[in-house]
Amino acid sequence: MKQPVFIVRPFVTGDVTELALVFHLSVNQGAVSHYSQQERAAWSPNLRSDEVWLERLSGTLTWVAEANQQIIGFINLKKPCDFKGDSNIDIEQAIAGSLAHAEVDCLFTHPEFVGVGVAKALYRELERKALILGIKQLTVQASYLAKPVLERFGFQTIKQNSHNKGNQVLVNFSMVKQLYQLH
């Protein structure tokens, strides 16, 4: 595949329908080598609504990769679990105020754009922002598919997890990366 020209930019609500499609296709087509048809159907049985995705992304910092006016990937950073502040506080203020850790919630690439640097570009933008915010540690619950990608970015596996989803057991991995501030 020819290297596509794409940009990474902040998510806007108008991206949500395409973002939902990227997720669904990534699970149902991109994860074929790692998850059975039954597991993939349990993970993403159908395209989730815009409302479901807007709720999930609420309170996160989210970036999309875009090529030819098409969303081809996305990543998001959740505020730290230990943040107990006002829910009306801006996510950047919440993360910057905690200086502890934050979770990479989603990293998905459209199956037609896997292996051309989309996940790498998205992750670099997230880590750049995390460093600016003073985050010291990133955590993630990675799929079989995402695990080797995140290992290349410096994440270490802490443990393997099993989650019941419908009548299937889905496996993922708790991973962590220490971020170091350059002074």
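In this predicted model, strands S3 and S4 are paired in the antiparallel sense, and six bridges link the two. Within this pairing, Leu-77 has Val-104 of S4 as its bridge partner. Eight of the nine residues of S4 are buried, so this strand is largely enclosed by the rest of the structure.

Strand S4, which spans residues 101-109, also pairs with strand S5, residues 137-142, and here the sense is parallel, with four bridges between the two strands. Two of the positions that face each other can be named: His-101 stands opposite Gln-137 in S5, and Glu-103 stands opposite Thr-139 in S5. The connection between these strands involves helix H5, residues 118-132, and S4, H5 and S5 together make a β-α-β unit that is right-handed. Strand S5 pairs in turn with strand S7, residues 168-178, in the antiparallel sense and over six bridges; in this pairing, Ala-142 has Phe-173 of S7 as its bridge partner.

These pairings belong to an open sheet of seven strands, in which the order is S1-S2-S3-S4-S5-S7-S6 and the pairing is mixed. The edges of the sheet are formed by strand S1, residues 7-10, and strand S6, residues 156-165, each of which pairs on one side only. On average, and with direction ignored, neighbouring strands of this sheet are turned by 25 degrees against each other. At the S1 edge, this strand runs antiparallel to strand S2, residues 60-67, and is joined to S2 by four bridges, with Val-8 standing opposite Ala-65 in S2. As a general point, the side chains of a regular strand alternate between the two faces of the sheet.

Helices pack against this sheet in more than one direction. Helix H1 touches S2, S3 (residues 70-78) and S4 as it packs on the sheet, and the direction of H1 makes about 90 degrees with that of S3. Helix H5, by contrast, runs at about 35 degrees to S3 and lies across S1, S2, S3, S4, S5 and S7.

A further packing arrangement is found between two helices. The axes of H1, residues 16-30, and H3, residues 50-57, come within 9 Å and cross at roughly 90 degrees; since angles of 65 to 115 degrees count as roughly perpendicular, H1 and H3 are therefore roughly perpendicular to each other. On the H1 side, the residues that meet H3 are Val-16, Thr-17, Leu-19, Ala-20 and Phe-23, while on the H3 side Asp-50, Trp-53, Leu-54 and Leu-57 take part.

Considered as a whole, the protein chain has six helices and seven strands, and when it is read along the sequence these elements follow the pattern β-α-α-α-β-β-α-β-α-β-α-β-β. Of the contacts in the protein chain with a separation of 6 or more, 68% are accounted for by residues 24 or more positions apart. Of the 183 residues in the protein chain, 48% are buried. The accessible surface of the chain comes to about 9800 Å², and carbon and sulfur atoms account for 51% of this area.

Definitions and conventions
Residues are numbered from 1 along each chain as its sequence is written. This is a predicted model: local features need pLDDT of at least 70, side-chain atom pairs count only at pLDDT 80 or more; totals for chains, interfaces and linings use all residues. Side-chain values use heavy atoms; hydrogens and water are left out. Two strands pair if DSSP finds at least two bridges between them. A crossover is right-handed if, with the strands pointing away from the viewer, the path from the first strand over the helix to the second runs clockwise. Buried means under 20% relative accessible area, exposed over 50%, partly exposed in between (1.4 Å probe, protein chains only). Contact means heavy atoms within 4.5 Å. Accessible areas come from the Shrake-Rupley method with a 1.4 Å probe; for residues, only the protein chains shown count as cover. Axes are lines fitted to C-alpha atoms, for helices over the stretch in contact, and angles run from 0 to 180 degrees between N-to-C directions. Angles under 35 degrees count as roughly parallel, over 145 as roughly antiparallel, 65 to 115 as roughly perpendicular and the rest as oblique.
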